[in-house]
Each structure stands twice: as C-alpha cells, then as structure tokens.
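User: Please take a close look at the largest cavity in this structure, and at the backbone features that go with a careful reading of the model. What lines that cavity, and what is known about the residues closest to its centre?

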Amino acid sequence: MDFSCEPNHSSNLQIRSKEPFNAEPPVDSLVAHEYTPENLVYCRNHGPVPTLDDTYTLKVDGKVKKELSFPVAALESQFQSHDVVAALQCAGNRRNTMALKKEVSGVGWGDGVVCNAKWSGVYLRDVLLKAGVDPSAKAGFVCFESDFTSTQDDSFYGGSISLVRAMDKDADVLLATHMNGVRLSYDRGFPLRVIVPGYCGARWVKWLHRITVSDQESPNYYQKKDYKVLPPDVDSRERASKAWDSVPPVELMPVNSAVASAEIRPTGNIYAKGYALGDVVGVKVSVNKGRSWAWAKITYQEGKWSWKLWEIEMPIDERDQTNGKVEVWSAAVSRDNETQPLDCTWNYRGVCYNGPGVKVVG
Ligand SMILES: Nc1nc2c(c(=O)[nH]1)N[C@H]1C(S)=C(S)[C@@H](COP(=O)(O)O)O[C@H]1N2
Ligand SMILES: [Mo]
C-alpha cells in the first residue's frame with residue numbers, strides 16, 4: 001500500500017525514535033489539561049503511521065453466528081454512539097525510572113506516555129451482538145487486527161482481550177471514531193481504533209481492520225511475546241523468548257502516579273502537581289523520601305476510567321533538603337488499598353513501572 005501523505009506529528013513532542021515514530025510530551029504541559037489536546041498526546045508506533053481513508057471494509061469474523069463486513073464509515077449509522085472518558089497509557093510509561101536500577105530493553109520513555117480524553121464511537125459489545133455472539137459466553141477472545149503495514153516484529157499489528165471483557169457492559173470497550181469531539185487524527189488511528197479502558201495501550205489497536213472471535217488470544221507478537229512483565233531473572237532477549245509462553249500478557253495497568261511539576265514558593269512551601277492512574281481514591285505526597293506523607297487534593301476525576309489530576313501545597317523542613325534540593329514523591333492509593341511499591345520489581349522490558357512518582361526541586 002502506498003501512503004502518499006505523511007502525517008503531521010505535533011512539534012510539542014519530544015521525539016524518542018523517528019522510525020517508527022515514538023514521541024512524548026513534556027509531563028508538566030500534560031497536567032495543564034483535563035482532556036489532553038491532540039498536540040500533547042504521545043505517539044507509540046511499532047510500524048509506519050498509515051494515512052487511510054474511511055472507505056475500507058471492517059470485518060467481523062471467526063466464532064460468530066453471522067460474519068459482518070461493512071465500510072468503516074457506515075459504523076456510526078448502524079450502531080448507537082457512546083462517549084467514554086478514559087486515560088490511555090503505554091505499558092512502557094515511566095520506563096526510564098525503572099532503568100535507573102538496571103538497564104531495560106525498550107524506547108526510553110519518561111512520565112509522559114499517557115493522556116486522558118473523551119472517546120466517542122460504538123460499543124464493541126453491540127457490534128458482537130449483531131454478529132450473534134452469546135453475551136453470556138464464559139471463554140474465548142476477541143482479536144483485533146491492523147494489517148495495513150507490517151511492524152518491526154510481525155507482519156501486522158494485533159492484540160486481544162477476553163470475550164468476557166468485550167461483552168461486559170461495565171468495561172466500556174469502544175470502537176472509537178472520535179477523540180475529544182473531533183475525528184481521530186492519523187496518529188490516533190483514523191478512521192477507527194479500539195478503546196479498552198484501564199488496559200495498557202497495546203490493546204487499543206489503531207487503524208482497526210478486522211475483529212475476530214476466537215478460542216485463542218491474538219497470535220500477534222505484541223500479544224504473545226511483547227508487553228509482558230517477565231520475572232526478574234530474565235535479563236536478555238534469549239531468556240525472554242523462553243519465558244514468553246508462561247507469562248500472561250499485560251492487561252489492567254497497576255495503580256500509578258507521577259509528579260509533573262514542583263516548585264518552592266516564596267513562603268518556603270512546596271507546590272506540586274501531577275496525575276494518577278487506576279481506580280484511585282487518594283494520592284499521597286512525601287517530601288522526606290517516604291518518612292511521612294500528606295494527602296493531595298484531587299482537582300479532576302471523571303467517571304471510572306479517567307486519570308486523576310492532583311495538587312498540593314505543603315511545608316518543607318530544612319532536614320528534607322540535600323544541598324538545597326528536595327525530592328517530591330507521589331503514591332496513589334486505590335479503592336482496594338493497592339498502592340505504589342517503594343521498590344518496584346525490575347523487569348527486562350521495563351513495563352508497568354509504578355514506583356513512587358519523583359521530581360527533584362531546588
Ligand atoms: N495498529 C497499531 N495500533 C497500536 C500500536 C501500533 O503500533 N500499531 N501501538 C499500541 C501501543 S503500544 C500504544 S501505547 C497505543 C498508543 O496510542 P497513541 O499513539 O494514540 O498514543 O496504541 C496501540 N495501538
Ligand atoms: Mo504501548
């Protein structure tokens with residue numbers, strides 16, 4: 001296929017690799033918005049960004065009673081449209097902090113590989129119901145395929161989720177055509193992408209071409225091999241390849257947070273802001289490396305799947321400073337009292353890092 005028009009990537013992003021195009025925004029600019037504007041959304045690609053139009057045919061096949069196939073442009077007229085506010089996060093977000101412990105393999109990502117948006121489109125559940133899928137099915141998978149280009153490691157990009165998740169009304173899995181009220185850009189997956197709230201970005205397949213109901217998860221590299229939290233003794237590609245089959249894929253992301261900006265006010269107090277991810281009920285901040293914590297104020301939260309924005313102003317002690325510098329730490333706490341580990345276990349691919357957020361000021 002010929003991609004005659006090159007997508008215009010935002011110049012606000014810090015480029016981590018040009019081919020494929022991987023880039024993230026400065027994290028302090030990210031938390032200035034509840035819904036991330038398009039020009040501050042990170043780009044994570046395993047292959048070229050195709051510049052498609054919306055006339056191609058979307059296929060729904062596999063273990064369905066009735067196969068479906070229609071032009072993607074017809075999706076919106078066939079199913080009811082819905083909005084879901086959800087944060088999108090790459091499993092590699094914050095990888096650079098894990099790499100401080102020991103080298104990891106992957107794009108050198110900071111804390112900005114995340115965004116929050118209102119996604120609009122149709123429920124995957126509604127499409128599968130039309131294909132005759134049993135809503136009470138207890139087993140099986142829904143595989144997503146984008147095969148307009150090959151990728152670094154496979155002949156196409158794919159991923160899957162369980163059929164139970166796909167059919168669960170409360171999971172809000174969407175086939176999205178719009179982000180923040182406008183059509184998806186080429187970078188975001190125009191004309192159609194999958195939204196799996198709470199799950200790592202790898203399952204949010206962009207430029208969706210085919211949906212297959214199957215007894216097996218997607219055979220794609222990024223489902224079966226990559227995006228796994230490998231045991232800590234796996235420290236080479238060769239060892240990784242031996243562990244792939246026995247380690248589950250990353251699905252729901254762990255509770256997380258980052259300090260996006262921090263400053264010392266003229267009063268001598270610290271003022272810090274950041275984001276938190278997961279089913280978060282509170283965010284704690286420490287200026288003395290975890291000896292004591294104070295609760296931040298949540299300034300934004302919407303529905304079940306959004307990120308939370310937080311801020312805090314708190315006094316600092318002279319003892320908290322080393323050479324005039326203070327480390328500001330954050331740790332989110334979830335509804336079931338899960339929190340960020342002070343010492344997050346290292347893994348070879350540097351995925352799902354969720355040690356405390358850290359920013360040094362002064
Ligand atoms: N077709 C396709 N979909 C994809 C990817 C890809 O490389 N190709 N990358 C995935 C990964 S790893 C992430 S984190 C998100 C990134 O979405 P974004 O570029 O819109 O931020 O898209 C996912 N969907
Ligand atoms: Mo990702």
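Analyst: What follows deals with the cavity and then with the backbone and a recorded domain.

This is a predicted model, in which local features need pLDDT of at least 70 and side-chain atom pairs count only at pLDDT 80 or more, while totals for chains, interfaces and linings use all residues. Residues are numbered from 1 along each chain as its sequence is written, chains are lettered from A and ligands numbered from 1 in the order in which they are written, and side-chain values use heavy atoms, with hydrogens and water left out.

A search of the whole structure finds 1 cavity of 30 Å³ or more, a cavity being a set of points on a 1 Å grid over the protein atoms alone where a 1.4 Å probe fits but cannot get out. The space in the largest cavity comes to about 330 Å³, where a volume is the space filled by probe spheres set on the points, and points are joined across faces, edges and corners. Its lining is made up of 25 residues, of which Arg-44, Asn-45, Tyr-157, Lys-206 and Trp-207 are the closest to its centre; a lining residue has an atom within 4 Å of a point. Sorted by class, the lining holds 13 nonpolar, 7 polar and 5 charged residues, with Ala, Val, Leu, Ile, Met, Phe, Trp, Tyr, Cys and Pro counted as nonpolar, Asp, Glu, Lys and Arg as charged, and the others, Gly among them, as polar.

Trp-207 also stands out in its backbone, since its phi is near 50°, a positive value in a residue other than glycine. Trp-207 sits in the loop between β11 and β12 (210–214), strands being DSSP runs of E of at least two residues and helices runs of H or I of at least four, numbered from the N terminus. With a relative accessible area of 8%, Trp-207 is buried (under 20%, against over 50% for exposed and partly exposed in between, with a 1.4 Å probe and protein chains only).

Cys-352 likewise has a positive phi, about 60°, without being a glycine, and it lies in the loop between β19 (326–334) and β20 (357–361). Cys-352 is buried at 12% relative accessibility.

Two peptide bonds are cis: Glu-19 to Pro-20, with omega near -5°, and Phe-190 to Pro-191, with omega near 5°. Pro-20 belongs to the loop between β1 (14–17) and β2 (22–24), and Pro-191 to the loop between β10 (182–183) and β11 (193–195).

Notes:
1 Å grid on protein atoms, 1.4 Å probe; cavity = no way out; pocket = protein on both sides within 12 Å on 5 of 7 lines; lining within 4 Å.
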